[in-house]
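Here are a few exercises to work through with the model open in your viewer. Try each one before you read its solution.

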Amino acid sequence: MGLIGDVKENGLEGLEYNFVTGQVESLVQWARTRSMWPATFGLACCAIEMMAAGAAHYDLARYGMEVFRASPRQADLMIVAGRVSQKMSPVLRQVYDQMMEPKWVISMGVCASTGGMFNNYAIVQGVDEVVPVDVYAPGCPPGPETLMHAIFTLHEKIQTGEILQRRSDNGGGAGITIEQRDGQSAPLEIRGAR
């Protein structure tokens with residue numbers, strides 16, 4: 001089959017990597033990072049810090065994220081802010097499944113990442129048991145600076161294409177752990193994260 005037939009059947013995947021397709025791929029990755037629409041999934045005190053990141057002082061609107069979506073079908077970034085109970089985990093998974101592709105997940109805070117101080121049967125011991133996590137933002141609660149650092153890290157990994165490679169290597173989320181940027185110093189240990 002010729003070049004035209006490959007493109008008709010497979011879209012851009014039907015083209016070999018060259019100058020033109022390389023530029024289109026870079027443009028698509030750039031557009032993905034500049035137009036992320038986060039889904040609101042605030043479950044505990046971390047949600048207050050997430051709201052602060054969207055408010056006037058930090059202003060996520062500067063990065064194309066001005067509207068937190070209430071509908072998962074309009075969102076491509078899930079920020080899980082706070083502890084996830086066993087009763088909430090099916091709802092979390094349903095919202096994740098309804099989000100459009102490609103979709104990304106940030107686990108915000110120690111409770112979402114590892115269960116935190118709630119080591120009991122009622123709390124999921126890490127949201128990565130329910131959805132694949134791309135970036136872990138440590139802290140209790142992590143401040144808006146740390147959340148924005150997690151978002152910028154996600155942007156960078158999407159734009160370079162590294163995040164898709166990490167996802168295929170891990171068979172799930174990219175599992176990137178960042179450092180805190182808000183003056184807290186408590187370390188965060190996450191199983192399976194690099």
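**Warm-up: confidence**

This is a predicted model; the mean pLDDT of the protein chain is 81, with 82% of its residues reaching 70 or more. Among the elements of the chain, helix α1 (residues 3–10) has the lowest mean pLDDT, 56, while α4 has the highest, 94.

**Exercise 1: the sheet**

Work out the strand order of the sheet and find which strands stand at its edges.

*Solution.*
- Start with β2 (residues 77–81) and β3: they pair in the parallel sense over five bridges, and Met78 stands opposite Val105 in β3.
- Go on from β3 to β4 (residues 135–137): three bridges join this parallel pair, with Ser107 opposite Tyr136 in β4.
- Next, two bridges join β4 to β5, again running parallel; here Val135 stands opposite Ile176.
- Put together, the five strands give an open sheet in the order β1-β2-β3-β4-β5, with parallel pairing.
- β1 (38–42) and β5 (176–177) each have a single partner strand, so they stand at the edges and one side of each lacks a neighbour in the sheet.

**Exercise 2: a strand on the inside**

Look at strand β3 (residues 104–108) and decide how far it is enclosed by the rest of the structure.

*Solution.*
- Sort the side chains by direction: Trp104, Ile106 and Met108 point one way, Val105 and Ser107 the other.
- Check burial, taking under 20% relative accessible area as the cut-off: all of these residues are buried.
- Five of five residues are buried, so β3 is largely enclosed by the rest of the structure.

**Exercise 3: helices on the sheet**

Trace how α3 and α4 sit relative to the strands.

*Solution.*
- Helix α3 (residues 46–54) lies across β1, β2 and β3, running at about 135° to β2.
- α4 packs on the sheet too, touching β1, β2 and β3, and its direction makes about 165° with that of β2.
- Follow the chain through β2, α4 (residues 89–98) and β3, and you get a right-handed β-α-β unit.

**Exercise 4: the cores**

Which residues have the most contacts inside the largest nonpolar core, and which element gives the most to it?

*Solution.*
- This core has 26 residues, and Leu77, Ile79, Ile106, Leu147 and Leu154 have the most contacts inside it.
- Two or more residues come from each of α3, β2, β3, β4 and α6 (144–160).
- α6 gives the most, with six residues.
- Zoom in on Ile79: beyond its neighbours within four places in sequence, its contacts include Phe41, Met50, Ile106 and Leu147.
- A second, separate core has 16 residues, among them Leu92, Val95, Val131 and Val133.

Methods:
Residues numbered from 1 in each chain as written. Predicted model: local features only at pLDDT ≥ 70, side-chain atom pairs only at ≥ 80, totals over all residues. Heavy atoms only, no water. Buried < 20%, exposed > 50% of the residue type's maximum accessible area, 1.4 Å probe, protein only. Helix = DSSP H or I, 4+ residues; strand = E, 2+ residues; numbered from the N terminus. Pairing = 2+ DSSP bridges. Right-handed = clockwise from strand over helix to strand, strands pointing away. pLDDT = per-residue confidence, 0-100. Contact = heavy atoms within 4.5 Å. Axes fitted to C-alpha atoms, helices over the stretch in contact; angles between N-to-C directions. Core = buried A, V, L, I, M, F, W, Y, C linked by side-chain atoms within 4.5 Å.
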